[in-house]
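These are my notes from a session spent looking through a single chain. I took the entries in the order in which the questions arose.

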Amino acid sequence: LLQHNLALIDMSGQLAISGTPRDPRLEGVIQVERGTFRLPGSRASFTRTTGSVAFSRLYRFPAQTPTLAITSEADYRDPSGQNHLITLSIEGALSQLNWNLYTSSGLNKAQTMTLIFSGRTPEQFRRQLGNDAVASCIRTLLRGWVFPFKPGAPAPVAFPFVFSPAS
């Protein structure tokens with residue numbers, strides 16, 4: 001169980017730990033069985049989360065391993081009553097995470113970000129503002145948003161697991 005002020009995620013699996021304290025080697029897979037989380041400032045709550053966190057003893061921890069493959073979905077109804085299934089996917093090593101955000105109604109990453117942070121589809125947002133210059137500034141701001149982990153930058157990692165011998 002990973003509990004954080006942004007997320008509550010149930011995980012299970014086994015890890016084999018070898019190597020030295022200066023060069024730990026981890027092997028195994030942690031399954032993300034279910035979970036909920038909310039991106040800061042977002043109106044959507046991601047309630048269906050699954051995936052895996054895979055560790056390989058052949059790669060250096062934490063620079064090259066683990067590798068994440070996590071998908072989460074949120075149901076969101078915009079002010080016009082249209083339902084959107086929002087999907088967030090996170091893949092890759094911690095140092096090079098790739099993420100995507102899209103909806104079943106065809107919105108791409110930038111459009112989906114407009115939806116979950118403003119509460120409106122890009123078209124509703126444009127109509128509400130009525131000013132193309134303001135809308136252009138907001139779109140530029142949203143396109144510049146990046147996932148909190150920058151490639152190559154150190155990322156704090158905490159594994160609140162209790163390890164016990166396999167039976």
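I began with F55 and asked whether its side chain is buried or exposed. At a relative accessible area of 5%, F55 falls under the 20% limit and is therefore buried. The model is a predicted one, and I read the values below as computed from it.

**Aromatic pairs.** I searched the whole structure for paired rings and obtained 2 aromatic pairs. F37 and F46 make a stacked pair, with 5.1 Å from centre to centre and 10° between the planes. Both of these residues, F37 and F46, are buried. The rings of F55 and F61 also pair, their centres 6.3 Å apart; their planes stand at 40°, so I entered this pair as tilted. F61 has a relative accessibility of 27% and is therefore partly exposed, whereas F55 is buried.

**The loop between β4 and β5.** From F61 I moved to the peptide bonds. The bond joining F61 and P62 is cis, with omega at about 0°, and P62 lies in the loop between β4 (48-55) and β5 (67-77). I noted another cis peptide bond from T65 to P66, where omega is near 20°; P66 belongs to the loop between β4 and β5.

I then looked at T65, which is also found in that loop. Is T65 buried or exposed? Its relative accessibility is 2%, so T65 counts as buried. Which residues does T65 touch, apart from those up to four places away in sequence? I listed A54, F55, S56, Y59 and R60. A polar atom of the T65 side chain lies 3.5 Å from the backbone oxygen of A54.

**Nonpolar core.** I next looked up the largest nonpolar core, which has 27 residues. The residues with the most contacts inside this core are F46, V53, L68, I86, L88 and L101. Two or more residues come from each of β2 (7-19), β3 (24-37), β4, β5, β6 (83-93), β7 (98-103) and α1.

I followed L101 further. Beyond its neighbours within four places in sequence, L101 is in contact with F46, I86, T87, L88, N108, K109, T112, M113 and I116.

**Helix α1.** Several of those partners led me to α1, which spans residues 109-118. Within this helix I found T112, M113, T114, L115, I116 and S118 buried. At the start of α1, a side-chain oxygen of N108 comes within 3.2 Å of the backbone nitrogen of A110. G119 follows the helix and has a positive phi, near 85°. I also checked K109: its charged end sits over the ring of W99, 4.1 Å from the ring centre.

**Chain as a whole.** I recorded 3 helices and 7 strands, which run along the sequence as β-β-β-β-β-β-β-α-α-α. Of the 167 residues in the chain, 34% are buried. Among contacts with a separation of 6 or more, 40% join residues 24 or more positions apart.

**Confidence.** Lastly, I looked up the pLDDT. The chain averages 80, and 72% of the residues score at least 70. Where did I find pLDDT under 50? Residues 158-164 stay under that value, and the model has 8 contacts for them beyond four places in sequence. Where pLDDT is low, the predicted coordinates should not be read in detail. I therefore left the coordinates of such positions without detailed reading.

Key. Residues are numbered from 1 along each chain as its sequence is written. Side-chain values use heavy atoms; hydrogens and water are left out. Helices (H or I, at least four residues) and strands (E, at least two) are DSSP runs, numbered from the N terminus. pLDDT is the predictor's confidence in each residue, from 0 to 100. Contact means heavy atoms within 4.5 Å. Rings of Phe, Tyr and Trp (its six-membered ring) pair if their centres lie within 6.5 Å; planes under 30 degrees apart count as stacked, over 60 as edge-to-face and the rest as tilted. Buried means under 20% relative accessible area, exposed over 50%, partly exposed in between (1.4 Å probe, protein chains only). A charge sits over a ring if NZ of Lys or CZ of Arg is within 6 Å of the ring centre and within 35 degrees of the ring normal. A polar contact is a pair of N or O atoms within 3.5 Å; within protein, one must be able to donate a hydrogen and the other to accept it, and residues adjacent in sequence count only if both atoms are side-chain atoms. A nonpolar core is a set of buried Ala, Val, Leu, Ile, Met, Phe, Trp, Tyr and Cys residues joined through side-chain atoms within 4.5 Å.
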